[in-house]
Amino acid sequence: MTFPVIGVVGGGQLARMMAPAAVALGFELRVLAEAPDVSAVAAVAQAPVGDYRDLDTLRAFARGVDVLTFDHEHVPNEHLLTLIAEGVNVQPRPAALINAQDKLVMRAAIERLGLPNPAWAAVTSVAEITAFGAANGWPVVLKMPRGGYDGKGVKILKSESDAAAAASWFEAMSPLLVEEMVPFSRELSALVARTPSGEARAWPVAESIQVDGVCDEVIAPAPGIPDEVALQAQTAALKIAGELGVTGVMAAELFETPNRAPGYLINELAMRPHNTGHWTMDGAITGQFEQHLRAVLDLPLGATDALGAIVVMKNFLGGANQDLFGAYAAALASEPTVKVHSYGKSVRPGRKIGHVNVIGSKNDDVNRVRARATTVANIIRDGQ
């Protein structure tokens, strides 16, 4: 009997964090890396470098793997369809993945499923943006449907003059997506996993705190979330995964809207392990990376219960300190219960280079647990 070989397209930190889970389960993980120095290369035995946009490169990488999955959603769908026609087991399938690749496709799917969307429209001109703003109120949010992440490809338009100034966006991509500017109390994440045979599980809904469009901190379960809102959000995420045929881990990023039924709106989808699920690595019975591997191999899924009353994940971005390891002694001594995950990346200001997880008890104050995580992250980032 042999253990399976899993091929991951993309060599970022998500692929890197799949490696320990693969080792624990006895699987072989291979990575198609963008460059010889990307995050996952140091964590796996086989990491050929190649362009994921090239069909022949994908073909060569897929030879000998039992399943092909992803660190990101940017592989051309037409290439994946070709691989499937040639017998490659691709998970998630392109028909599901397109909903994470194209925000216009995703908005239409959410509407078709009868789930809570913000007001939205596909627009091909400044006049259409202006008409949307007149109908739905200013400000509005203009998005590039493809390729945006961490706040990139998003512009807030406060008036008709802002809309006119955004005309150049249509030169890069058309149609664009315009949405109402949703008044929300906070951002939430409903993380689920699903197998090809249809088994699905959800983790507790988490609160996601964004800074400058980048996930900074996650608190699970989301403090104070009404039970009915949490249940509806989980149910919606499971419905999306089931109806769209998602396999592996999927994150539904949500706006909490206490004054607007049903208490949340769907913002975006990600069909892979997600930053808002990093807390599960140390804070849940089954972490998202192990669960993703189980799911794409169509194995039974693990339990998703949280291991503490409060779990906090805090990202650390690149700062002034280039010697991350030099700060470890002070960081680890400051809080022995914190788990540190470094991505093996070179340090650049604003770049995600790692995160820390802290588990709190039912007697802990959530802000104190957050402070413990922040202290460790800041010591590593700043070297102090």
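Biologist: Before we look at Gly64, what does exposed mean in terms of relative accessible area?

Modeller: Happy to start there, with the reminder that this is a predicted model. Buried stands for under 20% relative accessible area, and partly exposed covers the values in between. Exposed, then, means over 50%.

Biologist: Thanks! Is Gly64 buried or exposed?

Modeller: Gly64 sits in the loop between helix 2 (55–62) and strand 3 (67–70). Its relative accessibility is 58%, and the cut-off for the top class is over 50%. Gly64 therefore counts as exposed.

Biologist: Which residues does Gly64 touch, not counting those up to four places away in sequence?

Modeller: Let's look along the chain as well as in space. Pro4 is 60 residues from Gly64 in sequence, with the two C-alpha atoms 9.7 Å apart. Leaving out residues up to four places away, the contacts of Gly64 are Val5 and Arg30.

Biologist: On to the rings: how is the aromatic pair of Phe184 and Phe255 classed?

Modeller: Nice one for a geometry fan. A search of the whole structure finds 2 aromatic pairs. For Phe184 and Phe255, the centres are 4.5 Å apart and the planes make an angle of 25 degrees. Planes under 30 degrees apart fall in one class, so this pair is stacked.

Biologist: How many residues apart are Phe184 and Phe255?

Modeller: Phe184 lies in the loop between strand 7 (176–180) and strand 8 (186–194), while Phe255 belongs to strand 12 (residues 248–256). Phe184 is partly exposed because its relative accessibility is 37%, whereas Phe255 is buried because its value is 10%. The pair links distant parts of the chain, and the separation is 71 residues.

Biologist: And how is the pair of Phe325 and Tyr328 classed?

Modeller: Here the centres are 5.5 Å apart, and the planes make an angle of 55 degrees. Phe325 is exposed, at 65% relative accessible area. An angle neither under 30 nor over 60 degrees leaves one class, so the pair is tilted.

Biologist: Which residue lies over the face of Tyr52?

Modeller: This one involves a charge above a ring. The distance to the ring centre is 5.7 Å, and the cut-off is within 6 Å. The residue over Tyr52 is Arg53.

Biologist: Last one: which element gives the largest share of the lining of the second largest pocket?

Modeller: That pocket holds about 260 Å³ of space, and its lining has 6 nonpolar, 3 polar and 2 charged residues. Helix 1 (13–25), helix 11 (288–296) and strand 15 (339–342) each give two or more residues. The largest share, 4 residues, comes from helix 1.

Methods:
Residues numbered from 1 in each chain as written. Predicted model: local features only at pLDDT ≥ 70, side-chain atom pairs only at ≥ 80, totals over all residues. Heavy atoms only, no water. Phe/Tyr/Trp six-rings, centres within 6.5 Å; stacked < 30°, edge-to-face > 60°. Buried < 20%, exposed > 50% of the residue type's maximum accessible area, 1.4 Å probe, protein only. Lys NZ or Arg CZ within 6 Å of the ring centre and 35° of its normal. Contact = heavy atoms within 4.5 Å. 1 Å grid on protein atoms, 1.4 Å probe; cavity = no way out; pocket = protein on both sides within 12 Å on 5 of 7 lines; lining within 4 Å. Points joined across faces, edges and corners; volume = space filled by probe spheres on them. Nonpolar A, V, L, I, M, F, W, Y, C, P; charged D, E, K, R; others polar.
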